[in-house]
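Work through the exercises below with the sequence and the 3D structure at hand. Try each task before reading its solution.

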Amino acid sequence: MTILLTTLNARYTHASLGLRYLLANMGELQEQTRLQEFVIGAKTTEIVERILAHAPRIVGFGIYIWNVEETTRVVAMLKRVAPDVVVVLGGPEVSHEPNEQEIVKLADYLITGWGDVTFPKLCSEILHGPKPLMKIHAGVQPPMDQIKLPYSLYSDSDIKNRTIYVEASRGCPFKCEFCLSALDKTAWPFPFDDFLAEMESLYARGARLFKFVDRTFNLNIKTSLKIMQFFLDKLEAHPDDPVYAHFELVPDHLPDALKEGISKFPAGALQFEIGIQSFNPAVQTLVSRKQDNQKAADNIRWLTNHSNAHMHVDLIAGLPGETVDSFAEGFNKLWSLNPHEIQFGILKRLRGTPIIRHTQEYSLTFEPYAPYTILANRDIDFPTMQRLVRFARYWDLVANSGRFGNTLPVLLGDDAFGQFMAFSDWLYANTDATHRIALDRLAAMVARWLQTRGMSKTEADALLASDYAGRNESGSRLKGGAAGAETAAPSRQARHLAA
């Protein structure tokens, strides 16, 4: 073995699709290449030891916003104990602003952008000459039909124990400035018949959870319908062996043909990640996000009332021009549409995104270290931004967890944002914690809060008992269950945090 492909995934269940693309396209070097994945939080010395156990000449690291700090320590140690091992970096985190990053200084080479063709070419030059003179290599984007699909490289263990990430296309035609996809010129589809054949093969091997990472699944309706029909056929043929599919949906593009297809899916088989991000037209214009808010709202309402799809809908706090009041208005509007989960994200400055053009005018201040979360801006000061961060954390614990389905509507009343913000402030004041709050303690705190709002202890305890720990049977929105099998679906930004 000469070449090792590796990365630090956010969790074990995440299997790196990017590394498998590289391995699939290594050509003559494939037999000399191996793939080894780690998980963030592992000891640096153990990672380096396991890497060197393969005696590689080249190690390629996939670098993302969630693993850059830990991988920097791995690369630093690797170069200390084995300086002759050639380190090649790639991935979205190092594809932009490379001169500012310590990990790039430590490495021997960097590939920016697409690596399918450029990485094997660089490896061949390192191994056989002529030795590359440049440290930074811009990735070449090949025609889509020349990229070998990687799905056979998911092992049987991957299929049994991990999320299977797939993509029918790459890229995005939209230009939302907070997203790395803003840098794409368009969306490029893979040859559809080849892709579908790979999905058939994965299914035959036992894959049942397919997570599509396409930025815009419903951009091409004809393709969307064919993909959905693939899953509908499996569900019809084997209703006792259900398949589950996750897609990212453009919220204001849901023609009747797509609605008809969606309506055929039974409960627990279909999940949509829907990026709203903001309902404020001025903010949308400012960050180059084109969205028909009325159509988007109507489509979410239709999905709620006429489909069994499980919906994760994203909002981002901290966008330039978005005040707390305007965000609250959008949050309440989204809550009224009854999605299963509202994913409350805080703006992050992904390297290379155009959002930085607003830095001076809107006083955008971000953390200096990954994941570069916004700390304050012109309209939201630092203490208020921290309140929003805590709101987001508590919202996940109470609302998105699905454990308080009967209690939540009572807690929120007729002002979801305002009431939950008040609860969030009170909870933090009385616990001084946002993590590691035991479920028993959290339920007791919710009951105490309801009592401070005028409910008797008997009523509060009875309400909590009706659904405590997710055992409610009311069918309430934001309730977990079979359809929530992959509840940690990343938002549009978070694609670059957990893909």
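**Exercise 1.** Which residue is the bridge partner of Y165 in β10?

*Solution.* The model is predicted, so local features need pLDDT of at least 70 and side-chain atom pairs count only at pLDDT 80 or more, while totals for chains, interfaces and linings use all residues. Residues are numbered from 1 along each chain as its sequence is written, and side-chain values use heavy atoms, with hydrogens and water left out.

Step 1: find the strands (DSSP runs of E, at least two residues, numbered from the N terminus; helices are runs of H or I, at least four residues). Strand β7 covers residues 164-166 and strand β10 covers residues 209-212.

Step 2: check the pairing (two strands pair if DSSP finds at least two bridges between them). β7 and β10 are parallel, with 3 bridges.

Step 3: read off the partner of Y165, which is K211.

**Exercise 2.** Follow the chain from β10 to strand β11 and give the handedness of the crossover.

*Solution.* Step 1: β11 spans residues 244-249 and runs parallel to β10, joined to it by 3 bridges. In this pair, K211 stands opposite H246.

Step 2: between the two strands the chain passes through helix α8, residues 221-237.

Step 3: apply the rule (right-handed if, with the strands pointing away from the viewer, the path from the first strand over the helix to the second runs clockwise). The β-α-β crossover from β10 to β11 is right-handed.

**Exercise 3.** In what order do the 6 strands of the open sheet lie?

*Solution.* Step 1: the order is β2-β1-β3-β4-β5-β6, with parallel pairing.

Step 2: find the edges. β2 (33-39) and β6 (136-138) each pair on one side only.

Step 3: look inside the sheet. β3 and β4 are linked by 5 bridges, and G60 has V88 in β4 as its bridge partner.

Step 4: add the helix. α2 (residues 44-52) packs on the sheet and touches β1 (3-9), β2 and β3; contact means heavy atoms within 4.5 Å. The direction of α2 makes about 170° with that of β2 (axes are lines fitted to C-alpha atoms, for helices over the stretch in contact, and angles run from 0 to 180 degrees between N-to-C directions).
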